[in-house]
Amino acid sequence: MIKVENVSGGYDEHIIVKDLSFQVDSGEILGILGPNGSGKTTLLKMISGLLPVAKGTIQVANRALTTYSPRRLAQLIAVLPQISSTTFQYSVQETVAMGRYPYQRGLFHSWQEQDEAIVQQAMEVADVWQFRQWTLDQLSGGERQRVFLARALAQQPRILLLDEPTNHLDIHHQVGMLNLLHQWSREKEMTIVAIFHDINLASLYCDRLLLLHDGRAVIHDKPSNVVDVSRFQAIYEVQLQRDEHPTQPRPQITILPTLHDKLSIDWKLEQLKEKITADYVWVEAPQALRTLSSGVLGAGIGWRTDFVNWRVPLQYHCAHPDEDMLQFIHQLGCAEHETVGMMTAVSVEQVVTQTLCDDGITVRCYTTAGVGRALNIANVDEHLSEPEGVGTINTWIFIDGHLPDEALVQVMMTATEAKVKAVHDAGVVDYKTGEPATGTATDSLVVAATQQGRHLPYGGPITPLGCLVARVVYQTIQQAIKNLKKTEHEED
């Protein structure tokens, strides 16, 4: 639909865009990224015909841009420019109706009922119908932005050019606008070229990204290939981290700011505050720890300050464990998004705590263990119902050090292997088959790092950190199982 070949241009003798070549297909959304002054708006103006091309060619729908009449080009291309603070006394409906101008014919024009219907639909789609009698100077910046989008949509273009379309919009209307554009690109095969400053929005909604720097193309490719940390750090001169979106296969960028108060508290693991009662074990950190958890509450990767292991009745019905856990931590005064919550039916007063230090690394572990629901993972298909009995091994691992997310995952794998070995060596068997058990059906594990002090990039079994984790997990689980067996024997 749009083909740009060796294009250069700018203002008078000042060349801003330099030797650009790329193509945008029908129904595709192209996002243009780049720092201020990189040529994004200049390029968009050349594609729209507002600026002449100094060198090279631009083709639209297999025809040179220069061969179109202004009216025909306006029917083909709609432009949503950056919205300035300037306002006019036109009403919203009058402004949107201007989008039908390219279709008017004759001296007195030829406004049809169809034009009226298209204008109304555009206002409804852009969520400005309720403002139709208002003048532009009565609207907020975001509302005016949606009015100009409605005017562009009223043109019924095949190509839509947008300069920072989400500027001035709140999150609700940003998502609404981009969802709409994405839908139109698919259903109407509309070609969309948009300038973004928000890299994450561009990555989410665009089929391809064009990254500009000093008027030249750095890369034109799929978001997964364009969003590269080293590339963006070099261009924007900020520290970044690439993450994956939780529901879409699209990369996202996280800014890593330099803050004077970032993790400023100098503390050690022995300063963890712990409270152990007949109902719970509660460990509180003086500041948020980077965690990887499989708990009932606070699962996944996050930042947590409170860790709660709640004792529930042996016959506890787990219909809504997350809701029950949330209600319990609220009674303690803990915040939902700052807490890891686990459940157990064993006596939490028998929690086993151990701290190991070696090679300048400190690891602290808390473990409660019940094995009444122990099973062999290789034969889980034989366990058609949840067994009766106390059966959960809950393990917390606190590490004094700075761990990247991959190290957290490695530590969790190491700890899981240590748990399996500890259960095996303790002689625990599958409650149904009698084979050596590997764990229980409801085991939970959390790894939490202070993110200060020594950098620990790896947590596998043969690393210094992994060795400490393996030892402390193995030993605390072994001891917790011994305590359980002793209690059961005494009760018998």
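**Exercise 1.** In this predicted model, which residue of β10 is the bridge partner of L211, and which residue stands opposite L211 on the β3 side?

*Solution.* Start in β10: the bridge partner of L211 there is I219. Now look across to β3, residues 29-33, where L33 stands opposite L211 of β9.

**Exercise 2.** Work out how β9 runs relative to β3 and to β10, and how many bridges join each pair.

*Solution.* Take β3 and β9 (residues 208-213) to begin with: 4 bridges join them, and they run parallel. Next, β9 and β10 (residues 216-221) are joined by 5 bridges and run antiparallel. Then check the link: β9 and β10 form a hairpin with 2 residues between them. In that turn, D214 has a positive phi of about 55°.

**Exercise 3.** Is T166 buried or exposed, and what does T166 touch?

*Solution.* Find T166 in the loop between β7 (159-163) and α6 (171-187). Its relative accessibility is 12%, so T166 counts as buried, the cut-off being under 20%. For contacts, skip the neighbours within four places in sequence; that leaves Q145, Q174, L178 and L201.

**Exercise 4.** Compare the span of α11 with the expected value, then list residues of α11 that are buried.

*Solution.* Helix α11 covers residues 405-425, 21 in total. From first C-alpha to last, α11 reaches 30 Å, close to the 30 Å expected at 1.5 Å a residue. Its buried residues include L408, V411, M412, A415, A418, K419, A422 and V423. As a reminder, an α-helix has 3.6 residues a turn, so residues three or four places apart point the same way. After α11 comes G427, with a positive phi near 75°.

Conventions. Residues are numbered from 1 along each chain as its sequence is written. This is a predicted model: local features need pLDDT of at least 70, side-chain atom pairs count only at pLDDT 80 or more; totals for chains, interfaces and linings use all residues. Side-chain values use heavy atoms; hydrogens and water are left out. Two strands pair if DSSP finds at least two bridges between them. The expected span of a helix is 1.5 Å times one less than its number of residues. Buried means under 20% relative accessible area, exposed over 50%, partly exposed in between (1.4 Å probe, protein chains only). Contact means heavy atoms within 4.5 Å.
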